[in-house]
Amino acid sequence: MTLRLLCLLPLAALPVHAGADPASDARAALLSGVTEIVAPGAIPGDLAVTGADAFVVLTACMGRARLPMVAAARYGKGRAVAVGHEGFFGGQSLQNPGNARLAANAARWASGKASGVLRVGLLNGDSAPVRPVLEAAGCTVGTVRPADLPAALAGIDLLWLNQAGLDGATNRPRTDAVRQWVQKGGGLVVSGPAWGWQMLNPSLDLTRDHTGNRIVGAMGIAFSNATLDATSPTGYAVAGDTPDAAHAARALEALRSHADGRAALTGQALEQVTTTLGQAVGALGGTRPDFTRKVEALCADKGGDAVPTRAAPIAADQVFARLKAVLDLQKLRRLPAEQVRAHPAAASFPGPVPAEARRETRTVAVDTQRPEWHGLGLYAAPGDLITVTLPSAAAGKGLAIRVGAHTDTLWHLAKWQRFPEVTTSRPLDAPVTKVASAFGGTLFIVVPERCKLGSVSVTVAGAVAAPRYVRGETDPAEWRSRIRNAPGPWAEMEGRLVILTVPSTSVRDLDDPEALMTYWDEVMERCYELYAAPRRTRPERFCVDRQISAGYMHSGYPIMTGDDVAKAFCDVKLLRGRNAPIWGYYHEMGHNFQRPEWTWEAWGETTNNLFSMYGADKINATPIGAHPAMSPEAITERAKVVASAPGASAYYAKDPWYPLTMLDLIRHEFGWEPYRRLFAEFGGLPQNARPRTEAQRQDQFLTRLSRILGRDLSGYFAQWGVKNGEAARKQVADLPAWLPASWPVK
């Protein structure tokens, strides 16, 4: 379960600007009339601010620290504003007065024109909802295409673009032209979460290939790839002053004073400095070597080896060790593959490869009709050089080599039990590619969506064998006699619909891998069944890790979980038992299948749990109380609360167990089929018929489920505090009213 936390910090506890900051007037202008901004459903990214003429406008939370979410800079005669998510300028967000005011303020300040008509160009129509807001603020707004650049810049005062608006080699001259235009007096607003960009472009370099960084990097601002949390219960509040150490150059000065003994940092202030500098060095890469060298010099005699372990984690107050880890990773990223050596932390995690393990060459056929990761049964030892060869016709077509399945990064966590980032990937842009990882890892060929290369023959040299079982292909006898004992420390168990990445120690004594993967494929089949979801071209993945980035488990590709379940993942007798610890596994799989059409804002941890219950019911023959919170007794107690004061509270939006109880009482009388039909009906809707607002989601859920059941659920929904619209209630008023047979519960 992933839980995003609000950061409600007293800013007075941190060093703040007290009026001597020359950027304070500019910040005041940008935030004039803004008390809070929102971005429903969006997770903003952070920015690193290092330039003398760059300043922090608004911060959000990473743990107990505050990092820049909005930043700005003067650059020559021009100005730029960078924002950590374009969602702040989306249609729903701009209904909030603070967002609209920030958009208008940013345009005015960045253009340098305090009054008069302001000519704005939206690149590719980026953030089209901002057009009426800007027009109301006295702007004339038009659309600029990349092909119009740089000529179109002469006719505008401000360019408004998305972080990826000028990605790609063909756009680099245009990107350079935009930066030069700003330097000569132009204005720029650029927005987007770099973490999202990196997720969509895993083989690209954030500092080198990201449009925003190619433009504002020279201005002392860098888009970083972390995520930030809200600062108030409803959004991102403008409250108090900006922490001085949110600016990386000032954080460096504070750390220098700390190292010299002039001004000791402790607690939250030390975490602020550590977090700011760590994110800044990571975001800058090799683009600001002067800044990075200063951090390196400060850490040279104090950092020691960045070798976190489970027994001796690196904590947030170990500032030099944490910065050493960032610096180590940046150096490794810049090294040619031939010069990479094993990092000391690799021996702890992902783990060593036996020195006597034979390096081998293997040729595999990769079916590019299936996207994402293709396992090879090979493992790269830490520091070993791996050579990948493929046909010339397949080079440069989006294929990549990935080293390691443990994609979670831990930079934001208060303690590191392993090195915070241990995987790497490289595009296969040439017939021969060399790659090496200081940490080692399972090897994968990564295939992009909609690849049309057919079957591609790929040869990998220099790796060691690792346990890999493929359902329907691997001979179980050969598995038992040889494959499960392969020296690679991580194993891949591959079903038709689910793949597990687990420590090899978990499968060394696994005699019946076919039965295990048959179970996991059934889990996936049941998930498709309940949610009436279209078949995906890729299997889903689970990956065991020593420490993950959020929660006890979290969804995604792969679904991540701690290594305490490694053996349980591979114990089919346990997994099929009535007392199996399966709730979390099914819970995260359900997350991967949630759809916005039928997941209300308060139901992020509810509609996924329908599969926790469905899977337990259909696969494990477990009573619906597979989780203690959904025992019959717990369900009855919640129903009593609602029945005793119907509609008095938004019960449907309380902790996840209340809405799950609300839905389960329907299931109790009508079974699972209505939900399967409901999800199928939502899935078959044309785009223009799908609900877009929360009210529409709630109303369509009511009307569609009522029609499927042949019962009017509006009274029942009202008891749980759902305020459906009058039109929706009228649509089902001809049906018999329904309440559970046991209602009211006493």
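**A friendly note on this predicted model**

1. Let's begin with a small pairing. In β19, the residue that bridges to Thr387 is Lys434. Thr387 belongs to strand β15 (residues 386–389), which pairs with strand β19 (residues 432–435) in the antiparallel sense over 4 bridges. Keep in mind as you look around that this is a predicted model.

2. β15 also has a partner in strand β21 (residues 455–465): the two run antiparallel and are joined by 3 bridges. To find this pairing on screen, start from Val388, whose bridge partner in β21 is Val460. As background, strands of a sheet pair through backbone hydrogen bonds, and they may do so parallel or antiparallel.

3. Next, try tracing an open sheet of 7 strands. Its order is β3-β4-β5-β9-β8-β6-β7, and the pairing is mixed. Which strands stand at the edges? They are β3 (54–62) and β7 (139–144); each has a single partner strand, so one side of each is left without a neighbour in the sheet. From one strand to the next, the twist averages 20°.

4. The edge strand β3 is worth a second look. It is joined to strand β4 (residues 65–75) by 8 bridges, and the two run antiparallel. Within this pairing, Ala60 stands opposite Leu67 in β4. It also helps to know that in a regular strand the side chains alternate between the two faces of the sheet.

5. Two helices lie across strands of this sheet. Helix α2 (residues 97–111) lies across β3, β4, β5 (78–83), β6 (118–123), β8 (158–162) and β9 (187–191), and it runs at about 150° to β5. Helix α9 (residues 267–284) lies across β3 and β4, running at about 55° to β4.

6. How many cavities of 30 Å³ or more does the structure hold? It holds 1, and the largest cavity has a volume of about 40 Å³. Leu67, which we met opposite Ala60, is part of its lining, along with others including Pro68, Thr276, Gln279 and Ala280. β2 (45–49), β4 and α9 each supply at least two lining residues, and the largest share, 4 residues, comes from β2. By class, the lining has 8 nonpolar, 2 polar and 1 charged residues.

7. Now turn to the second largest pocket, with a volume of about 460 Å³. The elements that give two or more residues to its lining are β13 (360–367), β14 (372–380) and β22 (468–470). β13 gives the most, with 5 residues. Altogether 22 residues line this pocket, and those nearest its centre are Leu376, Arg468, Val470, Glu473 and Thr474. What is the make-up of this lining by class? It has 9 nonpolar, 4 polar and 9 charged residues.

8. Last, the aromatic rings. The count comes to 41 aromatic pairs. One of them joins Tyr531 and Phe611: the ring centres are 6.5 Å apart and the planes stand at 45°, so the pair is tilted. Which parts of the chain does this pair link? The parts are distant ones: Tyr531 is in helix α13 (residues 513–531) and Phe611 is in helix α17 (residues 609–618), with their positions 80 residues apart in the numbering.

Note on methods
Residues numbered from 1 in each chain as written. Predicted model: local features only at pLDDT ≥ 70, side-chain atom pairs only at ≥ 80, totals over all residues. Heavy atoms only, no water. 1 Å grid on protein atoms, 1.4 Å probe; cavity = no way out; pocket = protein on both sides within 12 Å on 5 of 7 lines; lining within 4 Å. Points joined across faces, edges and corners; volume = space filled by probe spheres on them. Nonpolar A, V, L, I, M, F, W, Y, C, P; charged D, E, K, R; others polar. Pairing = 2+ DSSP bridges. Axes fitted to C-alpha atoms, helices over the stretch in contact; angles between N-to-C directions. Contact = heavy atoms within 4.5 Å. Phe/Tyr/Trp six-rings, centres within 6.5 Å; stacked < 30°, edge-to-face > 60°.
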